[in-house]
Amino acid sequence: MMEKGNGAERAKIETIREVFQYLRQFKGRTFVIKIDFTVIDDPHFPVFITDVARLHESGIRIVLVPGAKERIDQILGVYSIQDRIIRGVRATSAEAMPFIMMAAFDVANRLMTSLSGSDINAVIGNWIRARGMGVVDGVDFESAGIVERVLTDRLRAVMDNGFIPILPCIGWNALGRPYNLPSNELAAITASRLGAEKLFFITAGPGFSVPEYQVPDGVPLSPSGGISNFSLPDLERFFALNPGREELDLLDKARRACEAGVERVHILDGRVDGALLKEIFSNLGSGTMVYSNRYSGIRPMRRNETIDVLRVMKPFVERGILLPRTEETLAESHGDFIVFEVDDAIHASAALHRYPDGVGEIAAVAVDEQYSHLGVGPRLIGYLCDRARRMGLSRVFVLTTQTADWFLKQGFEEADLSSLPEKKRAAYDLSRRSRILIKNLS
Ligand SMILES: CC(C)(COP(=O)(O)OP(=O)(O)OC[C@H]1O[C@@H](n2cnc3c(N)ncnc32)[C@H](O)[C@@H]1OP(=O)(O)O)[C@@H](O)C(=O)NCCC(=O)NCCS
């Protein structure tokens with residue numbers, strides 16, 4: 001008979017089993033970790049970075065984004081260079097830019113050096129394409145930039161080769177001009193473009209707790225009064241109850257990352273021993289988590305959005321992957337269409353058309369290039385299958401010339417002409433030779 005051991009031993013073994021389970025779940029997944037400079041500058045940082053190194057060794061793909069705000073302040077102070085912070089953004093003068101780059105690379109360098117102590121290879125790189133913010137409401141932000149593109153393929157190649165990429169808060173335009181980027185935003189955008197499993201904001205702050213903030217009913221609190229987690233609707237209610245608080249910008253970035261496909265964003269105090277490990281390897285968590293539901297960002301198309309949807313479909317129509325549609329045909333069946341929206345812009349669309357006898361057709365699935373590979377397509381299909389079930393349909397089919405393999409991955413199966421509803425069979429264009437795929441919804 002198996003000996004059970006005493007209570008403390010059993011608890012330890014259960015913890016080890018729990019860790020194995022999480023390791024299996026996260027192996028090969030990407031975590032983007034933004035670390036505030038105050039944490040990097042803290043005497044306990046070597047302990048924190050050793051934990052990061054161990055995560056990397058266990059097969060989790062890590063991307064590090066060091067914050068440089070306080071280091072930039074220090075360096076500008078030393079050289080007596082004035083700058084202006086306007087609505088939380090540093091309006092970066094040409095004079096300040098070389099010093100900002102010095103600070104950004106100094107902080108990135110510190111991270112790389114501390115990883116060397118754990119025998120981990122890291123690379124600091126220029127994977128961010130940026131452009132200037134320009135003049136906003138009469139304020140010239142000069143060398144302050146916004147992220148235009150993350151060179152995800154190149155970042156992935158670096159991780160495939162076993163390195164940890166470190167992204168300083170600098171981006172470059174196509175001509176090589178550098179721009180100063182807000183690192184929280186940089187981390188949030190990088191996480192969404194990489195399709196990261198998790199995004200961490202490692203801060204040295206006290207977190208969000210009562211009575212500092214008005215907390216909506218039903219939001220879970222830790223025993224110390226800290227807010228454990230927010231669903232996106234809870235977060236909206238929280239913002240409404242706590243207007244005009246600039247420090248909530250971090251939660252806003254977390255919300256945007258979730259809306260762009262990152263399922264979980266964690267805000268942790270990096271000075272607390274083991275905060276990162278507790279968050280990843282236990283179901284207790286330690287800071288504040290913002291999580292999205294699987295279908296956030298997806299909603300029915302509005303009547304006035306036909307042009308936006310045609311724009312998303314256009315490149316695929318031009319390549320003969322999708323059938324052409326007009327504004328009129330789209331308007332006629334606008335109730336069938338759904339869209340995926342981020343920051344007021346539509347980046348993907350799809351439709352479910354109903355046929356008699358409990359059958360539906362999934363059509364016009366299109367995800368724009370900028371948001372491809374992030375799981376948006378599978379979420380659109382999941383949303384439409386749920387919609388079909390609620391409509392009482394028992395199966396959905398799709399006709400496709402070039403995307404059959406992808407639909408097979410989404411649980412569809414090959415079928416023939418006889419399985420189509422009569423009306424569709426009659427309209428089937430033999431010359432197009434589309435493949436027919438079906439998914440049972442039971
Ligand atoms: C196919 C499509 C909907 C996928 O959307 P997505 O949000 O990028 O989906 P995923 O997140 O699952 O990523 C796509 C994955 O499928 C693969 N894929 C893309 N197109 C594929 C195709 N035609 N056949 C097989 N696999 C394909 C990609 O390589 C990627 O794999 P990876 O993540 O291992 O790199 C999108 O690429 C698209 O809009 N294609 C053009 C329109 C189309 O074919 N519509 C379907 C006919 S109705």
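**View 1. Strands S20 and S21 run parallel.** S20 (359-367) and S21 (395-400) pair in the parallel sense over 3 bridges; two strands count as paired if DSSP finds at least two bridges between them. Strands here are DSSP runs (E, at least two residues), and helices are H or I runs of at least four, numbered from the N terminus. Gly-360 sits opposite Val-396 in S21. This is a predicted model, where local features need pLDDT of at least 70 and side-chain atom pairs count only at pLDDT 80 or more, while totals for chains, interfaces and linings use all residues. Residue numbers start from 1 along each chain as its sequence is written.

**View 2. The S19–S20 hairpin.** Look on the other pairing of S20: S19 (residues 345-355) joins it in the antiparallel sense over 7 bridges. His-353 faces Glu-361 in S20. The hairpin has 3 residues between its strands, and Asp-357 in that turn takes a positive phi of about 65°. With 8 of its 9 residues buried (20 or more other C-beta atoms within 10 Å of their own, C-beta atoms being placed from the backbone), S20 is largely enclosed by the rest of the structure.

**View 3. What surrounds the ligand?** There are 21 residues around the ligand, and Ser-372, Val-376, Gly-377, Thr-403 and Asp-405 come nearest (near means a C-beta atom, placed from the backbone, within 6 Å). Elements giving two or more residues to this shell are S20, helix H13 (376-390), S21 and helix H14 (404-409). S20 supplies the largest share, 5 residues.

Terms used: A residue is buried if 20 or more other C-beta atoms lie within 10 Å of its own, exposed if 12 or fewer, and partly exposed in between; C-beta atoms are placed from the backbone.
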